[in-house]
Structures are given as structure tokens and as C-alpha cells.
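Hi there,

Here is the structure I promised to pass on to you. Have a look at it first, and then read on for my notes.

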Amino acid sequence: VVGWGEALCRVGSRAVTSETPMKVPGLSRVTGIRAGLPCLALLTDGTVMAWGTGVLGDGSPAQRDYASVVVPQPALVSGLSDVATMATGASVSGAVRHDGSVWVWGGNNLGALGLGKPRAPADGADQLVPARLPSITGAADLSLGSGSTIVLGDGTIRTWGDERLGATGRTGIERVATPTTVPGVSNVVRVWAHAYSNLGLTRDGHVLAWGSMFIEQ
């Protein structure tokens, strides 16, 4: 894996930054990568390595803040195996396993992970290791953003997060706390998200767009 920019790895207590492409140390047998905060690498044995932010979304129970514990990175994501595909967002990460289950970890502010609405601010604590999203089976793909999306094997999608600007594919200004069906959408195979913008690829090669973006008419 070759990377450039900020927080490419961690050597001791120092985050390494490079203006030109450099080899990310500690990675081998990589079959897929996702760039974000943090970055993820899928290995041939189905496990996942994470690096970048140093805390949220890195999947290590030892990491809580920069001042207390520094974990060398890239680091193995705890308790995750048999992964088919991955997604990263702003201090959140997720994975779809070959059995169709979806696992998420990282910053859970305002229920960003789709695990349900926190009962109180203190209940929105960070999810330091992967947790399974309940009631989701048969997942095929995942994207994480202000509005997050799961693609099921039947081509339908489930979304959650911030409804503003249409980020969840529905009208409203509330927060959707758990993955919820978007009516009238089918035949989707892949999804991507960045902030409030979302794209979906259909089986017949069309691209769907929802959220905040400019489209020439």
C-alpha cells in the first residue's frame, strides 16, 4: 500500500506525514483499501488493518485519546474476520462480512453508527471495537457519511444518519437512528458517501445521486 498526505502511519508517538507517495509500513497481503479518517486495508485472510486518526474508527480497544495510549499503526482491528468489503467516514468505520452481517465502530456522537438513538448524551460513547448492526442480514455493500447506506443483496437500501439536505434519501431534518428502508429504490449494487453526498450504482449501469451535490440539468 502506498499513501500520501497526513497521518499515513504512526512511528512511536509520531504520526508520519508525506507530501509524496510512500510505502505504508506494516502492511502485506492486502486485497483492498479505503482512504478516509481512518484508512482501512483488507487482508487476504479476511482481517482488517486500520491507521490514521489515532483514536476513533481505528478499532483498537486500547486507544482512547492521544495523551493516554499510543498504539502503533497500522493496527489490527479487534475481533473482525471474514470481511468482504469495508467503508470509512469521519472517525467511523464499518465492514460487511461474507455472511451478510454489518459491523461498525468509531465515534457514535448523535447515534452516527446506526446502533440506535442514545438515551442520553453519555450513552453516545464511542464504539471502540466493531459492533454488529442488529436486524441487518444479507448485506452486500456499505457507505458511511452524514447519511450512511447499506445495500442488501436484493438491491434495496437501508439508510440512517442526518436527514438534512437529503443525505438519507428521504425528506426531513431529523436524525434516523437505525437503518431504515428508502421506498422506491431497488436494483442497487454499490454505494459511496462523502459528507452529505451519496452515489449508488445500479445493476444496469445507471448512477443514482442523493443528498447535497450539483447536477447539471
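Below is what turned up, going from the overall fold to the cores, the pockets and a few single residues.

Please keep in mind that this is a predicted model. The protein has 217 residues, 46% of them buried. Its secondary structure consists of 17 strands and zero helices. If you take the contacts with a sequence separation of 6 or more, 42% of them are between residues 24 or more positions apart.

**The cores**

The largest nonpolar core holds 15 residues. Within it, the residues that touch the most other members are Val-102, Leu-133, Ile-136, Ala-139, Leu-142, Ile-150 and Trp-160. Four strands give two or more residues each to this core: S8 (92-97), S9 (102-106), S11 (139-143) and S12 (147-152). There is also a second, separate core of 11 residues, with Leu-42, Leu-80, Val-83 and Ala-95 among them.

Val-102 is a good place to start looking. Leaving out neighbours within four places in sequence, Val-102 is in contact with Leu-133, Ile-136, Ala-139, Leu-142 and Ile-150, and also with Ala-95, Val-96, Ala-131 and Arg-132. Ala-95, one of these partners, is listed in the second core.

**The pockets**

I expect this part will interest you. The largest pocket encloses about 690 Å³ of space, and 36 residues line it. Nearest its centre are Thr-88, Gly-89, Ala-90, Leu-144 and Gly-145. Strands S7 (83-88), S11, S13 (157-162) and S15 (188-194) each supply at least two residues of the lining, and S15 has the largest share with five residues. Sorted by class, the lining of the largest pocket comprises 17 nonpolar, 13 polar and six charged residues.

The second largest pocket has a volume of about 250 Å³. Its lining is made of 18 residues, and those nearest the centre are Gly-3, Trp-4, Leu-8, Ala-35 and Cys-39. At least two lining residues come from each of S1 (2-11), S3 (30-34) and S4 (39-43). The largest share here, seven residues, belongs to S1. This lining divides into 12 nonpolar, four polar and two charged residues.

**Two buried residues in strands**

How exposed or buried is Thr-159? Its relative accessible area is 0%, so Thr-159 counts as buried. Thr-159 sits in strand S13, and its side chain has two polar partners worth showing in your viewer. A polar atom of that side chain lies 2.7 Å from the backbone oxygen of Thr-168, and a polar contact of 2.9 Å links the side chains of Thr-159 and Arg-170. Not counting residues up to four places away in sequence, Thr-159 touches both Thr-168 and Arg-170, along with Ser-148, Thr-149, Val-176, Thr-178, Pro-179, Thr-180 and Val-182.

Pro-130 is in strand S10 (residues 127-132). With a relative accessible area of 12%, Pro-130 falls under the 20% limit and is therefore buried. Beyond residues up to four places away in sequence, Pro-130 touches Val-77, Ser-78, Leu-80, Trp-103, Val-104 and Trp-105. One of these partners, Ser-78, is 52 residues away in sequence, yet the C-alpha atoms of Pro-130 and Ser-78 are 7.3 Å apart.

**Backbone details to check**

If you set up calculations on the model, here are three spots in the backbone to look at. Leu-37 and Pro-38 are joined by a cis peptide bond, with omega about 10 degrees. Pro-38 is located in the loop between S3 and S4.

Asp-82 has a positive phi, near 55 degrees, and is not a glycine. Asp-82 lies in the loop between S6 (75-76) and S7, where its relative accessible area of 35% makes it partly exposed.

Asn-187, also a residue other than glycine, has a positive phi of about 70 degrees. Its place is the loop between S14 (175-181) and S15. Asn-187 is partly exposed as well, with a relative accessible area of 27%.

That is everything from my side. Write back whenever you like once you have had a look.

Best wishes

Terms used. Residues numbered from 1 in each chain as written. Predicted model: local features only at pLDDT ≥ 70, side-chain atom pairs only at ≥ 80, totals over all residues. Heavy atoms only, no water. Core = buried A, V, L, I, M, F, W, Y, C linked by side-chain atoms within 4.5 Å. Buried < 20%, exposed > 50% of the residue type's maximum accessible area, 1.4 Å probe, protein only. Contact = heavy atoms within 4.5 Å. 1 Å grid on protein atoms, 1.4 Å probe; cavity = no way out; pocket = protein on both sides within 12 Å on 5 of 7 lines; lining within 4 Å. Points joined across faces, edges and corners; volume = space filled by probe spheres on them. Nonpolar A, V, L, I, M, F, W, Y, C, P; charged D, E, K, R; others polar. Polar contact = N/O pair within 3.5 Å; in protein donor to acceptor, adjacent residues only side chain to side chain.
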